[in-house]
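Q: Could you walk me through how to read sheets, helix packing and a chain contact in a model like this?

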Amino acid sequence: MKAKAKTMTRPEVDKSDIQAIAKTAFNSLKGARYMLLRVIEPHAARRWLRGLAPANLDDLDRVKKNVDGETSTVEDAYQIAFTAAGLFALGVSEVIVERFSPEFVEGMAGDKNRSLRLGDIGANAPEHWCWGIGDREPHILLILFSSDDTRLETYATWMQNQAQDGGLSVIEVLPTSDMGDVEPFGFVDGISQPNFDWDRQRMPGTKADRDYTNLLALGELLLGHRNEYGLLTERPLLAASEKNSAILPKALHPPGNRDLGLNGSYLVYRQLAQDVRGFWRWVAKEAARVGVPMNDLSEAMVGRRINGKPLDDLILGRSIQGVEAQDSHLNGFLYDTDPDGLSCPIGAHIRRANPRTGDAPDGGRQGPLDNLLVTLGLTVRRIRRATSSTLPWPRNTTVWPFLRSQDDAVASARFHRILRRGREYGEKISPNAALDSAAPDPKAGIHFLCLNANIARQFEFVQGAWIASAKFAALTGEQDPLLGNREPFPTAPIAKPQRTNGFSRPGAQPHCGYATELPQFVEVRGGAYFFLPGLTALKWIASD
Amino acid sequence: MIPQDSLVVVAKIRPDCVNGLQSLLTTMNFANHAGFADPANPLVSFGTFETIHFARFVVLADNTLEDRAAYGQQLPRCEPTYLCFMVDCDGEADELLAHLVQKANRLREIFEHCEGCDGTTDMLIWLRAHRVQPMASYVNWVGRTVVQVKEEARLHCALRQALSGIPQRNPQQLFAQLRQSITSLPLTPIPSTPLAWRIRNLTHMLLPLLLAAACLALFPIITIALLVVALLLFVIALRRHEQADPIVDQPYERKKVALLRDGEDHDVTNQYTAMGSIKPGRFRLWTEIVILYGVNWVARHIFTRGSIGRIGTIHFAHWVFLDQRRRGFFCSNYDGGHEAYMDDFINKAGFGLNLSFSSFIAYPTTDWLVAKGAWLEQDFKRFQRHHQIPTDVWYKAYPGLTARDLARNSRIRNGFEKAIMSDDEIRR
């Protein structure tokens, strides 16, 4: 499983082998449902699987035409993914399942320590989930897309019948709602996504990566391709002698193996229920207490304006690898101009989810000596100043000449990115409606789905070290203002319980704002780790 | 300031006493929190010693002796199992040891499981005899005592509370009000640095520099020529070793990793203990010795204020040799999760990992001693988990506080001890 060989040739990416969700969110297909299935009769289930043909990247071109309204050849599509339990249930041997990544094999709720790290304790604990553990642990996830709701209804019923006839039982069919790019709290969502190097031109780890890059090696998304270390992420390989392995493509490395992971990805699914009323009511109360407009506070918590625009004073239009010119007004900014979080609080949701850090803190670009000093951690602090500041005091008056440890507290982002593919559910209500004391609970939330090649280093790192951590970027006593579980950490008996329910806005005027007692706004209702196979791998899974 | 010192006691466990010792050590921990010492446990009540930062008891049960098979018969396949007792403290470790023997009179119960210790042993003499000096040690902030840490944490807490109660004012008024709010909090003045330590430290710093300077000044040509030849020979030998060292596949041990994880993430800081065998032959051993000397020197004289290289999450770390330098172990106390610690290390200081660990058997192949190695990410991560051993008992004097918290609290204290302050007291 060693992965070296920079000299190795790079065969063409086989588009027809990749499930389309790796490249598209199927935005033109407005209706979507998530079907969670369990295998009852493996033999029949494999037969059912053999008849499936999830949309692949080649089909994508046809979906695109649909957007333009020219032709409408694709009006329905589905994608399929399996949990480790599902692979077992389908008859894949334990030895082979063990070759998948440990996180996948153990499952999202499979280990107490994992739950602790992901923040799945208290109200988020797996024992309170609607699905995800015990006999409600899904084996198969079927994602259904249709152009509209009526079509979707027919399509989903048909699929469900097919699956039930094919020896599967249905745990849940989870509906989604089209909120039009806005998540249930009302913020424009899904603005910043990593770009993947489909043409595989990128050489990761060069000097250019000392700065933040939004362009990532394909191996951060798909197994069997080179990742940000220039290596092949570990994935299940079969020896040529193993059953049915001839179905599978040859592994790029090591030679002689067949690659069960090639063109596949790990799909992380978490159902997140959002307390829309609770969120806006708390924001209104806190905003009134400190005397700021409601949106100032809520936008500081998110880190973007409600319409998705970046916050004031972040310098827009910076050239960033992997951010396209037309996106520059939304994503052409970095936080190196705002090291103290005066524009965008350090603990704001989007800053935690993607801190936009490069391999090295500011510096290391002034020649070899500077480079060496940065590598050794002997950096002189340099701050880019905003040209037009609306703040009452100079942006930075620190006299400490060396880089403070807190300025280099956050890991390089390129190793910790995920591709989000979720959709919203429930009723959409406006902030004002949410404040109405008579408003019924819209029972809304997000089906958070993301793709990554290394669950531990990507999803779990982002969720554990950035979102849920009470010590992100040298902060203390606060978690993600939207997603935090507010559970004290550490707890007794190890320490006097310490709060995690704060949120500081260093840039608030006239002096920094610190909110305490944030309630929990988002609860985990279910979750699982899936393997989204390539189409050839799907054939192998389905084979008798 | 009071400098920090480390107490490392390593003693051979009697062959049939390992299990008994481990169950005894378990009684020092909180129930349901594997590995977390109760500060008030009856065996060694760490909490009563005001100068202890971190402490641990580890049964050094080597998981990796099998890996020696890759080197044929060059290394024995069996080694004794040791008990390691490690304490990071303020002031002289020997003073603490005397104190420990005096106050923690049940220490004997633990060490009776080791060879040469029984009911009649003079504990102080015996423990002194079993002290080992780490090859390299790192202290996050030289001179910051436990007392200081705790007082500054209280200061931060009080200020945060006061801040929310003070209506918005201009910065100078705010500062005055905040200062008012903490008048009742005592801050022990920072004591002066012991002269003996200063002299020792200065000698340690200057000796290699002066030696090098003297050689260069007196015999410039010979010195440079020797250096060039030595370097050349070193590089040739290094490349030969790097290409010839056997690659030992490191398994992912699900059960063991689950056991290790059991003791992780209950506090903001985690412990790490790993051990392994040094590759046979003089070349790897002496490379390791020289590198660790270098690590120790920079840790002691350059990285004394909050970070080692770019890593700002380690409180204390030690590299120690065992068995006439056939084996070594590494202990650290780091902030954040294990995966994050490893990622931090690989991406910010991969070269440092390669330098200080590539002499160990099964380390992922390096290039020119610094490249590759740790950057073979998943090979490295399996290597380190395979070599990691559970820490039986672990104590931290200030749970809930990260190294960066400590640095921030000190900055706040410094700010309040100044007469005037700029308006930059923004980040708490």
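Q: How do β1(B) and strand β3 of chain B pair, and over how many bridges?
A: This is a predicted model, so keep that in mind as we go. To read a strand pair, look at the direction and then the bridges. Here β1(B) and β3 (residues 82–90) of chain B are antiparallel, with 9 bridges between them. For one rung of that ladder, find Leu7(B): its bridge partner in β3(B) is Val87(B).

Q: Which strand order does that sheet have?
A: Go from strand to strand across the sheet. In chain B you get β1-β3-β2-β10, an open sheet of 4 strands with antiparallel pairing. β1 (4–12) and β10 (393–396) of chain B each have a single partner strand, so they stand at the edges with one side lacking a neighbour in the sheet. From one strand to the next, the twist averages 10°.

Q: What packs on this sheet?
A: Helix α1 (residues 18–26) of chain B does, touching β2 (52–60), β3 and β10 of chain B. Its direction makes about 150° with that of β2(B).

Q: What is the order in the open sheet of chain B that contains β4?
A: Read it the same way. The order is β4-β6-β7-β5 (chain B), 4 strands in antiparallel pairing. At the edges are β4 (136–139) and β5 (269–277) of chain B, each with a single partner strand, so one side of each has no neighbour in the sheet. Ignoring direction, neighbouring strands are turned by 10° against each other on average. β4(B) is joined to strand β6 (residues 314–322) of chain B by 4 bridges, and Val139(B) sits opposite Phe316(B) in β6(B). Lying across β4 and β6 of chain B is helix α10 (residues 282–301), at about 25° to β4(B).

Q: At what angle do helix α8 and helix α9 of chain A pack?
A: For a helix pair, check angle, axis distance and side chains. α8 (residues 276–290) and α9 (residues 294–302) of chain A pack at about 115°, their axes 8 Å apart, and the crossing is right-handed. Val283(A), Ala284(A), Glu286(A) and Ala287(A) from α8(A) meet Met294(A), Leu297(A) and Ser298(A) from α9(A). That makes 5 nonpolar, 1 polar and 1 charged residue in the contact.

Q: How many residues of chain A are in contact with chain B?
A: The size of an interface is often given as the accessible area lost when the parts come together. Counting residues instead, 43 of chain A are in contact with 48 of chain B. On the side of chain A, α6 (112–118) and α14 (456–467) each supply at least two residues, and α14(A) gives the largest share, 6 residues. The side of chain A that touches chain B divides into 21 nonpolar, 12 polar and 10 charged residues.

Conventions:
Residues numbered from 1 in each chain as written. Chains lettered and ligands numbered in written order. Predicted model: local features only at pLDDT ≥ 70, side-chain atom pairs only at ≥ 80, totals over all residues. Pairing = 2+ DSSP bridges. Axes fitted to C-alpha atoms, helices over the stretch in contact; angles between N-to-C directions. Contact = placed C-beta atoms within 7 Å. Left-handed = near helix turned anticlockwise from the far one by under 90°. Nonpolar A, V, L, I, M, F, W, Y, C, P; charged D, E, K, R; others polar.
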